[in-house]
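The questions below walk a newcomer through this structure, one feature at a time. Each answer closes on the value or name that was asked for.

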Amino acid sequence: MKSNINIIRQPIPKRSKEEINSLVIDLMTKMTLKEKIGQMYQTGHEGTEVTGPQFDASKTVKNVKDGIVGSIIGLLNNEVIYSLQKTAVEESRLGIPLMFCNDIIHGCKTAFPHNLAMSSSFNPDVVYDCASVSAYESSHSGVNVVFSPMLDIVRDPRWGRVVESNGEDPYLSSVLAKAYVEGYQGDLTSYDKVAACVKHYVGYGATLAGREYNTVDFSRRQLFQYYLKPFEAGINADVKMVMTSFNVFEDVPVTANKYLLRDVLRDKLGFEGVVISDYTSSMEIMNHKIAKNAKEVAKKCVIAGLDHEMIYTSYIDHLEELVLNKEVDEKLIDEACYRVLYLKYELGLFDNPYKNIYFNQEDYWLTDESKTKALNAAIESCVLLKNDNKALPLNETEKIAFIGPMVKTQEVVGPWGGKADFHDCISLAMALDQEQHSYLYAEGSKIHENNQELIDEAILTAKQADKIVLALGEHQHMSGEANARADIRIPEAQVKLLDEISKLGKPIVLLLFTGRPLDLTNIVNKVDSILNVWFLGTMSGHAIEKLIYGKENPNGKLTMSFPYTVGQVPVFYNTLNTGRPYDGVTFYTSHYLDIPNHPLYPFGYGLSYSNFEYSNLTIENKVVKKDDIIKVSVDVFNNSNVAGKEIVELYIEAQSFSVARPVLEFKDFKKIHFDAYEKKTIEFELDSNALSYYNIDMIDTVEEGLYNIFVGPSSNKLLKDVIEYKL
Ligand code: BGC
C-alpha cells in the first residue's frame, strides 16, 4: 500500500445551519468582490473531459493562486487534485479550499448498469446501492460532488441521453431520484459521502426529434406535471446542487431563465443550494441570440439566478465591472458566493480540505461488496421481452452456439463510465468459461460491418447447435451525450447475420445490448426470445450467465417504451386520449395505416420465467375524500414451478377533470418475491392526494369525480375498478 496523503481522517464536526451561516458570513467579510466572484467559477484542468468548447487549462493553477476559482470539474487523479488543493489552501490569499466535481453517474470504478437499465429494476434499493458505492469510490478518488442523478423525463429513444435517465414516468423517476440522492449524500460530513447534483434542470428530455441540444416546446402544465416532478423529489431529499440544462423553456435558455431559476426553483420548490450551469451553457445564450457578448451573458445569467458558471468565464471576466457600474446588484454576488461556501462547509472542506484525497485510492475500488451490489443491480436491470416456446432458460444438456460481436466484448460499461475501465468488466464469454459451460462460439459480425467469411463461420457453428444465442446490439458509445440516432435499429451488419442464422430454423435467443429502446420490427419475429441486457457494467457477464441458465429469474420491466417502429416516436404510456381515440375499426380516428398505435413493448412490461396471474382486484373504500387512504388489494399467483420476483403496478385514470388527463398515470408499485406456486394478496395504500393534477387554473388538486384504479403486471395488461372522490 502506498502512503496515504489523507493523513488523518479527523472527524468533521456536524454543524447547525446557524453555525455554518455565521462562519460563511464571517469569511465573506474578509473577501474582496473579485474573490467572491471567484467562488462562482468552475474550471477544468489537464485531464478534464471536454464535452463542448475547449478551455484554457494553462490558466487554472494561476487562477487558483489568485483565489478566483470555486471548483474544479472532471479530475479523478488524486495527485493532481492534491496539488491543486494544496495551491488553493496554501497559496491563495484566504486559503479557501476548492470543491472537486465529477460526472459519476452509474458507478465510479465499479460500473453499475447504465441508469435507464437500473431504472428497469423498479427497485430504489438497487439505485441506492449504486449511489452509495459510487459515493464510497468517488469520495476516495478526490471527488466532493457528483453530477448525478440525471432526472430528465424522456420520451424519444433517438435521443442518446435516454441512457442516463430513469425513463418516461415522473413518479418512478421521483422515487429513484430520492434513492440516488440519499445514497450519494447521507451524512455529508462522513468521509464516504459526496454531494449530489440533479440535472438537467429542466425539460432537456423533450428535445425535438430526439436531436441532441435541440429546442424543446411544452406547456407550463407539462412542466409542473411531468418534467419538474423528479427535481422536486430530489430537492425534498435535500440535494445540494442543481444543474441547468442546455435547452430553452418558453424560448428562454434555462441558464438565463429567471422564471425557472428564481420563481420556480427557489420560491416554489424551496431549493437553497447551488445552481450550476451545464458545460458552457451560459456562453451558449449567445447562440440562442439572447446575449450579444460575454458581458451580457454574465449579467443575464446572474440576474436570472445562476450561482456557479461551468467552464465559461463570463463571471470572472465581467461581473466585477458590472457590479462597480451598478448594472448588477452586489447582493446577487453575495448570495451566490454564500451558497458555494456554505456547501464547502457542509462537505467539511474547511475542516479538512484533503478530505477525499487518497494516494491509495485503488484500495477502495472494486471491493467484493461493491461487486456483489453491482451484480445484483445487473440482474435486476435485465428485461425479458419475449420468450416463445420457453427458449429461455437454457438447458445444460442443449448444445448452444453463442454468436455475435457482444459475446466476447468487455465494452459493456455504457456512457459516462466514471473511472471504470472496461478491462475490469466480465464479458459473457468470460462468465461462461468461469462457470465451465461447454459451448460453441463464432463472432459472426462486427458491430458495424461483417463479411461473408464471418457469416459462413457463424452458420457452420450454428448448424452444430440445438439452439443459438445471438448477442447483438449497439456499441456502448452509440448512446450518451451527442449520440442521437435517427435510425434506432440494430446496425445492419448484425441484422444480416441474424437473417442468415434464422434461415436455419433453429430456436434463437437474442441478447440485446443497448443504451436505448431500439426499433426491433425487422427482427422481432425471427427470434424466439429476447433478453434486454442493456450495458450492465463490471458484472455484466455473470449477470447474463445466471439469467440465461435460469440460476436467476428475470425481474426487470421497461421504464421506457420500445416503439413499434421509429415512425411512432415519441410513444409513451401516459398519453392523452385525443378527441378521436382509435377503436380498432373507425377510420376517422387517431391511428396509423401501417402500424398499431401502441408501442411494441410498453412502459411497465417485462416477462419472467414464472407465470404470474392476477385476480380479485378489491378496493376497500370506494368513496374517498381529501387525505383518505385508498386501500387497494389484488391477488397474485405464481402459477409455475419457478420462484421469482414480480413488479405489481398501480395506475389511475380520471374519468373527468377540468383539463384532459392521460389515459393512465402510474402511481405506485411493489416488487415482491414469490416462491413456486405461491399466491399472495398484495396491498396498496394510496393517498387520495395522489389523484391530483394541475387543473385548469394551474392548481395541483383533486377534483370531484370518478377515478379508475388499475393494477396489473404492465401498463398494457391491467385489472380495473373505480372509486369516487368527493370534496
Ligand atoms: C453534460 C452534463 C455534464 C457536464 C459536465 C455536459 O456536457 O450535459 O451532463 O454533467 O457536461 O461534464
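Q: Which residue stands opposite Tyr707 in E26?
A: Strands here are DSSP runs of E with at least two residues, helices are runs of H or I with at least four residues, and both are numbered from the N terminus. Strand E25 covers residues 705-714, and strand E26 covers residues 717-725. Opposite Tyr707, in E26, stands Ile723.

Q: How many bridges join strand E25 to E26?
A: The model is predicted, so local features need pLDDT of at least 70 and side-chain atom pairs count only at pLDDT 80 or more, while totals for chains, interfaces and linings use all residues. Residues are numbered from 1 along each chain as its sequence is written, and side-chain values use heavy atoms, with hydrogens and water left out. Two strands pair if DSSP finds at least two bridges between them. E25 and E26 form a hairpin with two residues between them, and these antiparallel strands are joined by a number of bridges that comes to eight.

Q: In E26, which residue is the bridge partner of Val623?
A: E26 also pairs with strand E18, residues 623-624, in the parallel sense over two bridges. Within that pairing, the partner of Val623 in E26 is Glu724.

Q: What is the order of the open sheet that three strands form?
A: The pairing in this sheet is antiparallel. Strand E17 (612-619) and strand E22 (679-687) have a single partner strand each, so one side of each is left without a neighbour in the sheet. Neighbouring strands are turned by 25 degrees against each other on average, direction ignored, where axes are lines fitted to C-alpha atoms, for helices over the stretch in contact, and angles run from 0 to 180 degrees between N-to-C directions. The order is E17-E19-E22.

Q: In E19, which residue is the bridge partner of Ser615?
A: Strand E19 spans residues 629-638 and pairs with E17 in the antiparallel sense over six bridges. The partner of Ser615 in E19 is Asp635.

Q: Which strands are the edge strands of the open sheet of six strands?
A: This sheet has mixed pairing and the order E11-E16-E15-E14-E12-E13. Its twist averages 15 degrees from one strand to the next. The strands that pair on one side only are E11 (383-387) and E13 (440-442).

Q: Which helix packs on the sheet, touching E12, E14 and E15?
A: Strand E12, residues 400-403, pairs with E13 in the parallel sense over three bridges, and Ile403 stands opposite Ala442 in E13. The helix touches E12, strand E14 (467-473) and strand E15 (508-513), contact meaning heavy atoms within 4.5 Å. Its direction makes about 170 degrees with that of E14, and its residues are 492-502, which identifies helix H17.

Q: How many residues surround the ligand?
A: A residue is near a molecule if one of its heavy atoms lies within 4 Å of it. The closest are Thr51, Asp103, Arg161, His200 and Asp278. The shell divides into seven nonpolar, two polar and five charged residues, where Ala, Val, Leu, Ile, Met, Phe, Trp, Tyr, Cys and Pro count as nonpolar, Asp, Glu, Lys and Arg as charged, and the others, Gly among them, as polar. The number of surrounding residues is 14.

Q: How far is an oxygen atom of the ligand from an N or O atom in the side chain of Asp103?
A: An oxygen atom of the ligand is 2.8 Å from an N or O atom in the side chain of Thr51, and a polar side-chain atom of Glu481 also lies 2.8 Å from a ligand oxygen atom. For Asp103, the distance is 2.4 Å.

Q: Which residue does a cis peptide bond join to Lys199?
A: The omega angle of this bond is about -5 degrees. The partner is found in strand E5, residues 195-201. That residue is His200.

Definitions and conventions:
Polar contact = N/O pair within 3.5 Å; in protein donor to acceptor, adjacent residues only side chain to side chain.
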